[in-house]
Structure formats: structure tokens, C-alpha cells
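Here are a few notes to read alongside the model, written as numbered points. Keep the structure open and follow along at your own pace.

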Amino acid sequence: MLFFLLLSCLYEPLLSNILTLRVEKTLINGEIKYPPFTPLEVPPFGTDIIGFTIFAKIIQGFKYTFFIGLLLSIAQILSSLFINILILHKVGSTLLLPFFSYFDKLFTLIPKPFLLLLLIGPYSDALLFNTDNVQPEANWMFVMIQLFILFLIGLPNLVKLYHAELAFLFKQDFFLASQTLGSSKFRTVKYSFKPQLTELTLNLFFKILIQNLSLFIYLAYFQLYLGGSLVTQLDASTTYTATISNEWSGLIGQNINRLASTPWTVLTPLAFYGGLIFLLNGIKRSLTGGLQNQSI
């Protein structure tokens, strides 16, 4: 994964000058053909309907998929930890805990994909560009709006899970003994609960990371691509809406309506996306297994 991430980071400065980015036409069996091209016609993964190679798009987009998901998940984990520290105070438990518990129940009742569509959808129409009207500043603003909404939607459940674990630990005998000896809640959490909270944080981090990656897919299905969309006019009556960043979920979403006619444009990035989630689950099992062995 690190090697593939390195390739993705080298795409703009180096690989974009080496790889075949677009095939507008090619000679096959003595005939000039136009895109889309299958993986057999343009190895290894073919092209989309306007000729851009899937291989180059996958390499370019991986860093956006990885870093956006990673930074969003870290921000949610750190914020939920900070909020739970505040909840240890009496005022925090009176005000913050009911607030986040309410929204946790609310987000449980309302499907998150539907909620994302309601909150992010209105911004997408205002930030839909054509090839002659690309505005990087507006794209960046749209990314911030999307990430902020994703951040808020995932936060209440994390706060509730951390609080439930702390409430369980506060009932244990070793906590009651430390309280009898005069230790404060903060000191106990910092030192005595460190192994349990480390394992919990690791589990929750990978859980929220995989959840965020899944939500990216839902957004892309409704063409709410991370970073905005680019509309290409194919002819007088046909347009092609694509992700600007080539983020992996966007590559899946932009071609999902053409699954029957150009299946490789959907199945190839979907296979890479599934492989990434499978790899993250493997890393999670390895790390949590190592922590459990250390605690024995």
C-alpha cells in the first residue's frame, strides 16, 4: 500500500509525463476506433468513454482517497476524545452528553446516505463546472463543506462509544481502588485506562475509516464527488459528468450508469476500492492482535 501511495504522490511531478493518460483514437484490425476502449484494446484497464486511461486515473486518485479518509477519521477520533474529556466534568456530562446522545439516536434513525444527500446536495448544483469554467477555489470550498458534514455525521456515535467504554471502566474495582487512594478521574484515565483506550481507539479508528470510505461511495453514486464535478459536452444532447480529483469512489460513481456498456470502468476501481478496505481490515486485525498479546 505504501508503494502504491508513493506512486500516486509521484503522479503529477513524474508519472503524468510517462504514462499514457488519454487515447483519443487507435488502429485496431486495420480500422480506426474511438473510445471507450476495453482492457484488451488499451492495456491494462482500458479507457473511459472520452479516452482517459483507467490505470492513470487509479494511480492519480489513490492519494486523495487515502489522505481524505485518513485525515477525516483522525479528526473525528481526536475530537471525540477531547469531548469525552470535557464530559468527565459535571457540566460536560450535563450538557454535552445529552446533546451527542440525541444526535446519535437521530442519525441512527435517518440513513446516513440520505442525510448526506440532503445536506451536501444543495451545494453540488452551485459548484458544477464545465471544461471552460473550472474554479479551483470553489472546488476546495466544496471539499471543505463535504468533509465538515461527514465529520459532524460520524462524531456523535464515536462520542457515545468512548463514553460507554469509560462508564464501564469507571465501574471496575481497580478504578474504585484508585479513587480511594485519592487519584483523580483524569489521572486514572491517562495512566490506568491507557491499554484499554489504546485498543478501543485503534478499533474505532479503522471502523470509522472504513465507514467514511463507504460513505464516499454513496456520495459518488449521487454524483457528489469529493472535490466537485466536471461536465464534458460529448455532443449536442449528451454530457459526461466526471470527478475532478479522480478520487476512487468518484471513478466508480461517474461510470455507474454505464456498467452494462463499459463494465471495466466501474469494476476496475471497485476492485481496487474493495482491496483497500480488505487491506485495512487486515492491518486492524494485526495491530489489535499485537496489542492483546502485549497485554497478556
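1. Before the first helix pair, a word on the geometry: axes are lines fitted to C-alpha atoms, for helices over the stretch in contact, and angles run from 0 to 180 degrees between N-to-C directions. Please keep in mind throughout that this is a predicted model.

2. With that in hand, look at helix α2 (residues 54-87) and helix α9 (residues 248-255), which pack at an angle of about 125° with their axes 7 Å apart. Angles over 145 degrees count as roughly antiparallel and 65 to 115 as roughly perpendicular, with the rest above 35 degrees oblique; α2 and α9 are therefore oblique to each other. On the α2 side, the contact is made by Lys 57, Ile 58, Gly 61, Phe 62 and Thr 65, and on the α9 side by Trp 248, Leu 251 and Gln 254. By type, the residues of this contact divide into 4 nonpolar, 3 polar and 1 charged.

3. Now the overall picture. The protein has 10 helices and 5 strands. Of its 296 residues, 43% count as buried. Among contacts between residues at least 6 apart in sequence, 68% join residues at least 24 apart.

4. Back to α2 for its own geometry. At 1.5 Å a residue, its 34 residues should span 50 Å, and the end C-alpha atoms are 48 Å apart, which agrees. Along the way, α2 bends by about 35° at Gly 61. Gly 61 is also one of the α2 residues that make the contact with α9.

5. Helix α8 (residues 194-221) can be checked in the same manner. Its 28 residues, at 1.5 Å each, should span 40 Å, and its end C-alpha atoms are 40 Å apart, which agrees.

6. Is Phe 216 buried or exposed? This residue of helix α8 has a relative accessible area of 1%, under the 20% cut-off, so Phe 216 is buried. Leaving aside neighbours within four places in sequence, Phe 216 is in contact with Thr 65, Ile 68, Gly 69, Leu 72, Leu 150, Leu 226, Glu 247, Ser 249 and Tyr 273. Thr 65 deserves a second look: the C-alpha atoms of Phe 216 and Thr 65 are separated by 8.8 Å, although the two residues are 151 apart along the chain. Thr 65 is also among the α2 residues in the contact with α9.

7. Which residues does Leu 161 contact, leaving aside its neighbours within four places in sequence? They are Leu 200, Leu 204 and Lys 207. Leu 161 itself is found in helix α5 (residues 136-169). The C-alpha atoms of Leu 161 and Leu 200 are separated by 9.2 Å, with their positions 39 residues apart along the chain. With a relative accessible area of 29%, Leu 161 is partly exposed.

8. Just after α8 comes a backbone detail worth checking on your screen. Gln 223 takes a positive phi of about 60° there, and this is a residue other than glycine. Gln 223 lies in the loop between α8 and β4 (229-233). At 32% relative accessibility, Gln 223 counts as partly exposed.

9. Asn 246 also has a positive phi, of about 65°, although it is not a glycine. Where is Asn 246 found? Asn 246 sits in the loop between β5 (239-243) and α9. Its relative accessibility is 7%, so Asn 246 counts as buried.

10. Two cis peptide bonds are also worth a look. The bond from Pro 35 to Pro 36 is cis, with omega near 10°, and Pro 36 lies in the loop between β2 (31-33) and α2. The bond from Pro 43 to Pro 44 is cis, with omega near 0°, and Pro 44 has its place in the loop between β2 and α2.

11. To finish, a residue in a strand. Leu 230 belongs to strand β4. Leu 230 and Ile 244 are 14 residues apart in sequence, and their C-alpha atoms are 5.9 Å apart in space. A relative accessible area of 22% makes Leu 230 partly exposed.

How values were computed: Residues are numbered from 1 along each chain as its sequence is written. This is a predicted model: local features need pLDDT of at least 70, side-chain atom pairs count only at pLDDT 80 or more; totals for chains, interfaces and linings use all residues. Side-chain values use heavy atoms; hydrogens and water are left out. Helices (H or I, at least four residues) and strands (E, at least two) are DSSP runs, numbered from the N terminus. Contact means heavy atoms within 4.5 Å. Ala, Val, Leu, Ile, Met, Phe, Trp, Tyr, Cys and Pro count as nonpolar, Asp, Glu, Lys and Arg as charged, and the others, Gly among them, as polar. The expected span of a helix is 1.5 Å times one less than its number of residues. The bend at a residue is the angle between axes fitted to the seven residues ending there and the seven starting there. Buried means under 20% relative accessible area, exposed over 50%, partly exposed in between (1.4 Å probe, protein chains only).
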